[in-house]
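Reader: I should like a close look at one part of this model, beginning with a loop residue whose backbone deserves attention. Please describe the setting of that residue and then follow the neighbouring elements as far as they lead.

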Amino acid sequence: MRWDPARYAAFTDERSRPFHDLVARISGPFQDGQEAPRRVVDLGCGPGALTATLADRWPTADVVGVDSSAEMLADAAPLAADHPRLSFELGAIEDWTPGPEDDVVVTNAALHWVPSHTTLLPRWLAAMPDGAWFAMQVPGNFDSPSHALMRAVAADGPWAPALDRVLQADPVLDGAGYLDLFASAGFATVAWETTYLQLLPGEDPVLAWVRGTGLRPALAALDTADPTGTTTAAFEAAYATRLRQAYPSGPHGTVYPFRRVFAVGRKR
Ligand SMILES: C[S@@+](CC[C@H](N)C(=O)[O-])C[C@H]1O[C@@H](n2cnc3c(N)ncnc32)[C@H](O)[C@@H]1O
């Protein structure tokens, strides 16, 4: 599935809040009492701006962003010029394995695109060095109106055949599930769930938000079925009508509750 960095960049500030809350839970010392990690990996790094904040925080660490989207990495690449130890690699999360110096692994809003991650996580955690940190955040909003309405509209219209089985449930656990998984791997762990009340400006802001992420599989399927864009426009119009009812615009903007699941652990 192709990603569109420009669409993803809408709401950059709002989208980055969970990342900052996630990495705030990571604190040294790291391996052998060192104040800085040796290597930091960001799985599913996207356009790289958040990965660069890790390089700012730990300037002596090698910081590597991994992503399978060439479009996203094209945006990320120039950031490496400003950070001598920052690099980006094109690759699938499924193919990644921890190296012996990977003292910090961060993955923000990416593992829900990797259905096998609950099988991979125990292997990754077992392979990480002692004292290493693994910090992850995934969506917990599959049952929210934005996503339930997306599925309802997808199933009810001339576009339904093209969207059959395209919008699958996010393959994620709840916080307790990740807590158990991390603790079973010998990690001292905190897990939590947060609903951010994102205050969004403009017309149809929830549609604009999901266009950058959760709606992408549907948009890709509709684009394949009808490259003229007519079906996409009709589908989006029907979906926008339902979203306006679920998320009415108020005096300060549109409030979009945005639930996220976090787990952060340090290997004992
Ligand atoms: C919602 S974006 C999150 C980007 C970034 N972590 C952030 O917080 O802004 C999800 C990213 O995961 C990447 N991704 C999805 N599935 C992947 C996979 N199997 N392997 C590598 N990257 C993947 C996408 O290309 C996309 O850049």
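**A loop residue and its surroundings**

Author: Arg165 lies in the loop that runs between helix 8 and helix 9, the latter covering residues 175-184. The model is a predicted one. The phi angle of Arg165 is near 65°, a positive value in a residue that is not glycine. Most residues other than glycine have a negative phi. With a relative accessible area of 67%, above the 50% cut-off, Arg165 counts as exposed.

Asp204 also has a positive phi without being glycine, here near 45°. Asp204 is placed in the loop between strand 6 (187-200) and helix 10. Its relative accessibility is 23%, so Asp204 is classed as partly exposed.

Helix 8 and helix 10, each of which borders one of these loops, meet again at helix 11. The buried residues of helix 11 pack against helix 8 (160-163) and helix 10 (205-211), and also against helix 1 (5-9) and helix 12. Those buried residues are Arg216, Pro217, Ala218, Leu219, Ala221 and Leu222. In an α-helix there are 3.6 residues a turn, so residues three or four places apart point the same way.

Helix 11 also borders an open space. The second largest pocket holds about 200 Å³. It is lined by 11 residues, and Arg7, Arg216, Leu219, Ala220 and Asp223 are the closest to its centre. Two elements, helix 11 (216-225) and helix 12 (230-246), give two or more residues each to this lining. Helix 11 supplies the largest share, with 5 residues. By class, the lining comprises 5 charged, 3 polar and 3 nonpolar residues. Arg216 and Leu219 therefore have two roles in this description: they are buried residues of helix 11, and they are among the residues closest to the centre of the pocket.

The region around strand 6 and helix 10 leads on to Thr254, a residue of strand 8 (residues 253-267). Thr254 is buried, because its relative accessible area is 2%. Apart from neighbours within four places in sequence, Thr254 is in contact with Gln198, Leu199, Leu200, Pro205, Val206, Tyr247, Pro248 and Ser249.

Two further loop positions may be set beside Arg165. Ala110 occupies the loop between strand 4 (102-108) and helix 6 (117-127). Whereas Arg165 is exposed, Ala110 is buried, with a relative accessible area of 6%. Beyond its neighbours within four places in sequence, Ala110 is in contact with Leu43, Gly44, Ile93 and Gln137. The C-alpha atoms of Ala110 and Met136 are 8.7 Å apart, although 26 residues separate them in sequence. Pro29, in the loop between helix 2 (12-23) and strand 1 (39-43), shows another kind of backbone feature: the peptide bond joining Gly28 and Pro29 is cis, with omega about 0°. Most peptide bonds are trans.

These details belong to a protein of 12 helices and 8 strands. Its radius of gyration is 19 Å, which agrees with the value near 18 Å for a compact globule of 268 residues. The C-alpha trace spans about 60 × 40 × 40 Å along the principal axes. Of the 268 residues, 46% count as buried. Among contacts with a separation of 6 or more, 77% involve residues 24 or more positions apart. The accessible surface comes to about 12100 Å², and carbon and sulfur atoms account for 54% of that area.

Terms used: Residues are numbered from 1 along each chain as its sequence is written. This is a predicted model: local features need pLDDT of at least 70, side-chain atom pairs count only at pLDDT 80 or more; totals for chains, interfaces and linings use all residues. Side-chain values use heavy atoms; hydrogens and water are left out. On a 1 Å grid over the protein atoms alone, a cavity is a set of points where a 1.4 Å probe fits but cannot get out, and a pocket is an open set with protein on both sides within 12 Å along at least five of seven lines; lining residues have an atom within 4 Å of a point. Grid points are joined across faces, edges and corners, and a volume is the space filled by probe spheres set on the points. Helices (H or I, at least four residues) and strands (E, at least two) are DSSP runs, numbered from the N terminus. Ala, Val, Leu, Ile, Met, Phe, Trp, Tyr, Cys and Pro count as nonpolar, Asp, Glu, Lys and Arg as charged, and the others, Gly among them, as polar. The radius of gyration is taken over C-alpha atoms; the globule rule is 2.2 Å times the number of residues to the power 0.38. Buried means under 20% relative accessible area, exposed over 50%, partly exposed in between (1.4 Å probe, protein chains only). Contact means heavy atoms within 4.5 Å. Accessible areas come from the Shrake-Rupley method with a 1.4 Å probe; for residues, only the protein chains shown count as cover.
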